[in-house]
Amino acid sequence: MSDPAFARPGRFWKGNLHTHSTRSDGARSPEAVCAAYREAGYDFLALTDHFWAKYGFPIVDTRPFRAPGFTTLLGAELHAPATALGEIWHLLALGLPLDFPPTAPEETGPALAARALAAGAFLAIPHPGWYGLTAEDAASIPGAHAVEVYNHTSQLRTERGEGVYLADQLLAQGRRLGLLAVDDAHFKSPDAFGGWVMVKAEANEPEPLLEALKAGAYYATQGPLIHDIAWGEEAVEVVCSPALSIMVLGRGSKAEQSVALGQTRARLPLAGLRPGGYARVVVADAMGRRAWSNPMHFR
């Protein structure tokens with residue numbers, strides 16, 4: 001079984017997929033936000049301002065801020081009523097056209113998600129822990145490509161940055177979803193550079209990056225690097241930067257792990273995880289920072 005993030009041609013590119021500017025509720029201009037990520041060594045950035053009427057339904061044209069070695073993806077954080085808790089829906093959409101039509105007053109979250117997907121977007125479920133999104137809510141967005149398992153701003157400001165619990169519920173139900181780590185930076189606090197994705201593509205350009213995201217050819221991280229994952233019939237082999245824990249997790253409580261300070265590789269058995277239908281790798285370093293692979297599905 002080949003993992004698309006490691007077996008396909010190309011190289012890894014570092015990017016943040018969720019960011020805000022003064023075009024909605026962020027503190028820095030689009031140009032300044034792009035400059036901050038470029039100067040921090042990122043290869044690409046998606047500026048995803050809130051697609052609300054009060055901000056003029058912005059899909060910010062960041063093409064002028066592209067530079068050699070740095071590109072941008074066009075997108076937005078979309079909104080519509082209402083989740084099970086009565087919250088406004090949040091939907092992260094990347095690769096939207098600049099003329100994506102505004103949300104209609106009667107449009108629901110699932111309908112808006114379907115429209116974004118029809119426009120060719122990579123669609124993710126952002127910060128589910130932050131606003132208590134339920135598995136039933138998520139089930140109403142069947143075309144979503146991914147779930148944010150770590151949102152740096154939500155963790156920093158409310159200690160609700162985790163989405164792993166929701167992701168595992170959906171995976172146990174048979175959903176095929178990728179796992180994202182993002183900043184959701186607004187630059188009103190030190191909320192940048194805490195979570196990102198490493199995307200495997202042949203070029204650091206919007207179309208190859210979006211294709212790779214849709215194909216699941218990436219992993220998410222707070223810092224640890226995953227150099228290789230090789231899925232075999234009996235075990236998964238992981239090569240990574242120095243770690244304290246290397247884990248493979250499956251349905252429910254199923255898990256195997258190697259815990260040893262400074263280890264850079266592990267071979268973990270899969271026999272106990274295969275009946276649950278999927279497994280995913282997590283690498284944690286001595287500081288508690290994690291990297292998350294996308295799931296491997298066994299059926």
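This section describes helix α2 and its surroundings, the salt bridges, the aromatic pairs and selected surface features of a predicted model.

Helix α2 spans residues 30-39, and within it Pro30, Val33, Cys34, Ala35, Ala36 and Tyr37 are buried. The cover over the buried residues of this helix includes three strands, namely β1 (11-16), β2 (44-47) and β4 (71-78). For Cys34 the relative accessible area is 0%, and this residue is therefore classed as buried. After α2 comes Gly41, for which phi is positive, with a value near 95°. On the other side of the helix in sequence, Ser29 belongs to the loop between β1 and α2, and its relative accessible area of 32% places it in the partly exposed class. When neighbours within four places in sequence are left aside, the contacts of Ser29 are with Ser21 and Thr22. The C-alpha atom of Ser29 is separated by 32 Å from that of Val164, a residue 135 positions away along the chain.

With respect to cysteine, a search of the whole structure returned 0 disulfides. Cys240 has a relative accessibility of 3% and is accordingly counted as buried, and Cys34, at 0%, is likewise assigned to the buried class.

The count of salt bridges in the model comes to 9. One of them joins Asp43 to Arg11, with the closest N and O atoms 3.9 Å apart, a separation that satisfies the criterion because the cut-off is set at 4 Å. This pair connects distant parts of the chain, since Asp43 is found in the loop between α2 and β2 and Arg11 in strand β1, 32 residues apart. The partners fall into two accessibility classes: Asp43, with 14% relative accessibility, counts as buried, whereas Arg11, with 41%, counts as partly exposed.

A salt bridge is also formed by the side chains of Arg280 and Asp168, with an N to O distance of 2.9 Å. Because Arg280 is located in strand β14 (residues 278-284) and Asp168 in helix α6 (residues 164-172), this contact ties together parts of the chain that are 112 residues apart in sequence. Here the arginine is the buried partner, with a relative accessible area of 3%, while Asp168, at 21%, counts as partly exposed; the latter value lies just outside the buried class, because that class is limited to residues under 20%. In a further salt bridge, Arg289 is paired with Asp285, and the closest N and O atoms are 2.8 Å apart. Asp285, with a relative accessibility of 9%, is counted as buried, and Arg289, with 33%, as partly exposed.

Aromatic pairs number 14 in the structure. Among them is the pair of Tyr42 and Trp196, whose ring centres are 6.3 Å apart and whose planes meet at 75°, so that the arrangement is edge-to-face. Tyr42 is situated in the loop between α2 and β2 and Trp196 in strand β9 (residues 196-201), and the pair thus links distant parts of the chain, 154 residues apart. Both Tyr42 and Trp196 are buried. An edge-to-face arrangement is found as well for Trp231 and Phe298, with 6.4 Å from centre to centre and 75° between the planes. Since Trp231 lies in strand β11 (residues 226-231) and Phe298 in the segment after β16 (296-297), this pair ties together parts that are 67 residues apart in sequence. Trp231 and Phe298 are both buried.

Tyr42 and Trp196 also take part in one aromatic cluster, together with Tyr37, Phe187 and Phe193. Through Tyr37, which is among the buried residues of helix α2, this cluster includes a residue of the helix described above.

At the surface, Leu244, Val259 and Leu261 make up a nonpolar patch of about 300 Å². Leu244 is located in strand β12 (residues 235-249). Its relative accessible area is 31%, and Leu244 is therefore classed as partly exposed; this value also admits the residue to a patch, because membership requires over 30% relative accessible area.

Notes: Residues are numbered from 1 along each chain as its sequence is written. This is a predicted model: local features need pLDDT of at least 70, side-chain atom pairs count only at pLDDT 80 or more; totals for chains, interfaces and linings use all residues. Side-chain values use heavy atoms; hydrogens and water are left out. Buried means under 20% relative accessible area, exposed over 50%, partly exposed in between (1.4 Å probe, protein chains only). Helices (H or I, at least four residues) and strands (E, at least two) are DSSP runs, numbered from the N terminus. Contact means heavy atoms within 4.5 Å. Patches are made of residues with over 30% relative accessible area and no salt bridge: like charges are joined within 9 Å, nonpolar side chains (Val, Leu, Ile, Met, Phe, Trp, Tyr) within 5 Å. Accessible areas come from the Shrake-Rupley method with a 1.4 Å probe; for residues, only the protein chains shown count as cover. A disulfide is a pair of cysteine sulfur atoms within 2.5 Å. Rings of Phe, Tyr and Trp (its six-membered ring) pair if their centres lie within 6.5 Å; planes under 30 degrees apart count as stacked, over 60 as edge-to-face and the rest as tilted.
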